[in-house]
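Got the viewer open and a hand on the mouse? Let's take a walk through this model, one selection at a time.

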Amino acid sequence: MSKPQKPSRRAVFAGEVARPIKRVSGRTPIDGTPLAVRTTGLDIDADVRDYARARLGIRLGKFATEIQRVSVRLEDVNGPRGGVDTACRIKVVLNGLDSVIAQEVAVGIREAIDRASHVVERAVGRAIRRSRPAAALRGRGRSTSPRTSRSARAAERPGHALA
């Protein structure tokens, strides 16, 4: 007997998902979440597209059920002049929340993807944490009472000099 396999949280995003499937899918695992890579002024090959899907799968896989879709836009900012000229803009559309956008500029395409994926990971995590109600946090060992100072807690103890 084999155990049913749990879907990986660090898989690769799907390239495309058919529209009828998107309408009924709801909260999907990472391999069912569409990621589109678009370019302006750059010619990229399939390896760069696969790299973006894999890198964002690593970074955003833990949030996959909260994500509707992801788009990555790569742009050559300076054109043929050279220099720091590759911009990567990542937009993550979240279920029931505002979209999260991160943009980073770097010399190379992969470096721009790495930087932007790191920024968007932190921003998505922050957006999801802020959207959760306080009641969901109560069961995780966090105190729900207002914080009190050390001296106020000491004064509440019987036999203490301040009591």
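Start by selecting residues 109-131, which form helix H3. This is a predicted model, so everything on the tour is computed from its atoms. H3 has 23 residues and reaches 33 Å from its first C-alpha to its last, close to the 33 Å expected at 1.5 Å a residue.

Keep H3 selected and color its buried residues. Which ones are they? You want Ala112, Ile113, Ala116, Ser117, Val120, Glu121, Ala123, Val124, Gly125 and Ile128.

Now, what covers them? Switch on helix H2 (46-60), then strand E2 (67-76), strand E3 (86-94) and strand E4 (100-106): the cover includes these elements.

Next stop: the charged pairs. How many salt bridges does a search of the whole structure find? The count is 5, and we'll visit some of them.

While you're still on H3, pick Glu111 and Arg115. They form a salt bridge, with the closest N and O atoms 2.7 Å apart. Both residues belong to helix H3 and sit 4 residues apart, about one turn of the helix. Turn on the surface here: Glu111 is partly exposed, with a relative accessible area of 33%, and Arg115 is partly exposed too, at 38%.

Move along H3 to Glu121 and show Lys62 with it. These two make a salt bridge, and their closest N and O atoms are 2.7 Å apart. Where do the partners sit? Lys62 is in the loop between H2 and E2, while Glu121 is in helix H3, so the pair ties together parts that are 59 residues apart in sequence. Glu121 counts as buried at 14% relative accessibility, whereas Lys62 is partly exposed, with a relative accessible area of 30%.

Before hiding that pair, add Arg59 to the selection. What joins Arg59, Lys62 and Glu121 into one network? Salt bridges that share partners do.

Now go to helix H2 and select Asp50 and Arg53. Their side chains meet in a salt bridge, at 4.0 Å from N to O. The two are 3 residues apart in H2, which means they are separated by about one helical turn. Buried or exposed: how does Arg53 count? Arg53 is buried, with a relative accessible area of 15%. Asp50, by contrast, counts as partly exposed at 45% relative accessibility.

One more side-chain stop: show Tyr51 and Arg110 together. The charged end of Arg110 sits over the ring of Tyr51, 4.6 Å from the ring's centre. If you feel like hunting for aromatic pairs while rings are on display, save yourself the trouble: a search of the whole structure finds 0.

Finally, clear the selections, switch to a cartoon view and zoom out. You should be able to trace 5 helices and 4 strands. Follow the chain from the N terminus and the elements run α-β-α-β-β-β-α-α-α.

With everything in view, here are a few overall numbers to take away:

- The protein has 163 residues, and buried ones make up 30% of them.
- Among contacts between residues at least 6 apart in sequence, 53% join residues at least 24 apart.
- With the surface on, you're looking at about 11,000 Å² of exposed area, 49% of it supplied by carbon and sulfur atoms.

Note on methods: Residues are numbered from 1 along each chain as its sequence is written. This is a predicted model: local features need pLDDT of at least 70, side-chain atom pairs count only at pLDDT 80 or more; totals for chains, interfaces and linings use all residues. Side-chain values use heavy atoms; hydrogens and water are left out. Buried means under 20% relative accessible area, exposed over 50%, partly exposed in between (1.4 Å probe, protein chains only). Contact means heavy atoms within 4.5 Å. Accessible areas come from the Shrake-Rupley method with a 1.4 Å probe; for residues, only the protein chains shown count as cover. The expected span of a helix is 1.5 Å times one less than its number of residues. Rings of Phe, Tyr and Trp (its six-membered ring) pair if their centres lie within 6.5 Å; planes under 30 degrees apart count as stacked, over 60 as edge-to-face and the rest as tilted. A charge sits over a ring if NZ of Lys or CZ of Arg is within 6 Å of the ring centre and within 35 degrees of the ring normal.
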